[in-house]
Amino acid sequence: MPKKINIRVLTTAAMLTAMSIIIGIFCKTYMDFGRGLFRITFENMPIILSGIFFGPLVGGIVGAASDLISYLLSTQVYGINIVVTVGAVTVGVISGVVSHYVVKKNGYMKFVLSCVISHIIGSMIIKSIGLYQFYGVAVMWRIPTYTLIIAIESTVLCFLYKNKNFKRLIEDMWSFGR
């Protein structure tokens with residue numbers, strides 16, 4: 001986690017927030033197969049990256065900002081749900097905790113474990129609790145959906161890390177964000 005907020009952290013976090021919002025709105029508009037319940041979305045990937053880059057505090061802030069702004073700009077069938085927002089914050093916080101305090105060695109495991117653990121806790125458990133009031137037990141369909149999303153996001157993050165330019169950027173962020 002950065003000792004002080006500076007322009008590089010602020011601009012990168014803002015860019016990741018914007019990416020999450022755009023991905024979220026696109027997926028909520030074009031990849032929704034059941035009024036929000038059967039939606040495939042990758043809006044958490046930038047939130048996970050913010051936690052990996054800068055730690056749990058910045059990851060949580062990016063998660064909150066992304067979720068709240070996304071709700072304001074999208075055509076959701078329900079309003080702002082604080083439990084779902086807490087789930088988005090949790091995704092950023094958990095990915096930051098895992099990547100900065102649990103997995104010490106830089107590499108693929110930081111991405112995979114950050115993605116898997118943050119999605120299980122933030123997306124599958126907390127967000128599902130928040131969405132239960134709208135969908136009832138049908139919310140259990142989020143488990144197989146997010147299992148697929150976790151697999152895709154983990155694979156994409158690993159492919160990105162395999163790219164030498166992205167890897168250099170990531171390692172620069174890790175050294176900068178500490």
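This text walks through the helices of a protein model and the way some of them pack.

The model is predicted: local features need pLDDT of at least 70, side-chain atom pairs count only at pLDDT 80 or more, and totals for chains, interfaces and linings use all residues. Residues are numbered from 1 along each chain as its sequence is written, and side-chain values use heavy atoms, with hydrogens and water left out.

The protein has seven helices and zero strands. Helices (H or I, at least four residues) and strands (E, at least two) are DSSP runs, numbered from the N terminus. Read from that end, the order of elements is α-α-α-α-α-α-α. Of the 178 residues in the protein, 50% are buried; buried means under 20% relative accessible area, exposed over 50%, and partly exposed in between, with a 1.4 Å probe and protein chains only. Contact means heavy atoms within 4.5 Å. Among contacts between residues at least 6 apart in sequence, 72% join residues at least 24 apart.

Confidence is given by pLDDT, the predictor's confidence in each residue, from 0 to 100. The mean for the protein is 86, and 89% of its residues reach 70 or more. Among the elements, helix H4 (residues 82-102) has the highest mean pLDDT, 95, and helix H7 (residues 164-177) the lowest, 73.

Helix H1 (residues 7-30) holds Ser20. Is Ser20 buried or exposed? Ser20 counts as buried because its relative accessibility is 2%. Leaving aside residues up to four places away in sequence, Ser20 touches Glu43, Pro46, Ile47 and Ser66.

The next topic is helix packing. Axes are lines fitted to C-alpha atoms, for helices over the stretch in contact, and angles run from 0 to 180 degrees between N-to-C directions. Angles under 35 degrees count as roughly parallel, over 145 as roughly antiparallel, 65 to 115 as roughly perpendicular and the rest as oblique. A crossing is left-handed if the near helix is turned anticlockwise from the far one by less than a right angle, and right-handed if clockwise.

Helix H3 (residues 56-73) and H4 have axes 7 Å apart, at an angle of about 155 degrees. The two helices are therefore roughly antiparallel, and their crossing is right-handed. On the H3 side the contact includes Gly59, Gly60, Gly63 and Ala64, and on the H4 side Ala88, Gly92 and Gly96 are among the residues met. By class, the contact of H3 with H4 has 10 nonpolar, six polar and one charged residues. Here Ala, Val, Leu, Ile, Met, Phe, Trp, Tyr, Cys and Pro count as nonpolar, Asp, Glu, Lys and Arg as charged, and the others, Gly among them, as polar.

Helix H2 (residues 44-54) and helix H5 (residues 108-135) have axes that come within 10 Å and cross at roughly 125 degrees. H2 and H5 are therefore oblique to each other, in a right-handed crossing. Asn44, Ile48, Leu49 and Ile52 of H2 meet residues of H5 including Phe111, Cys115 and His119. The residues of this contact divide into five nonpolar, five polar and two charged.

H2 also packs with helix H6 (residues 142-162), where the axes come within 11 Å and cross at roughly 55 degrees. H2 is therefore oblique to H6, and this crossing is right-handed. Asn44, Met45, Ile48 and Leu49 of H2 make the contact with Tyr146, Glu153, Val156 and Leu157 of H6. The contact of H2 with H6 has six nonpolar, one polar and one charged residues.
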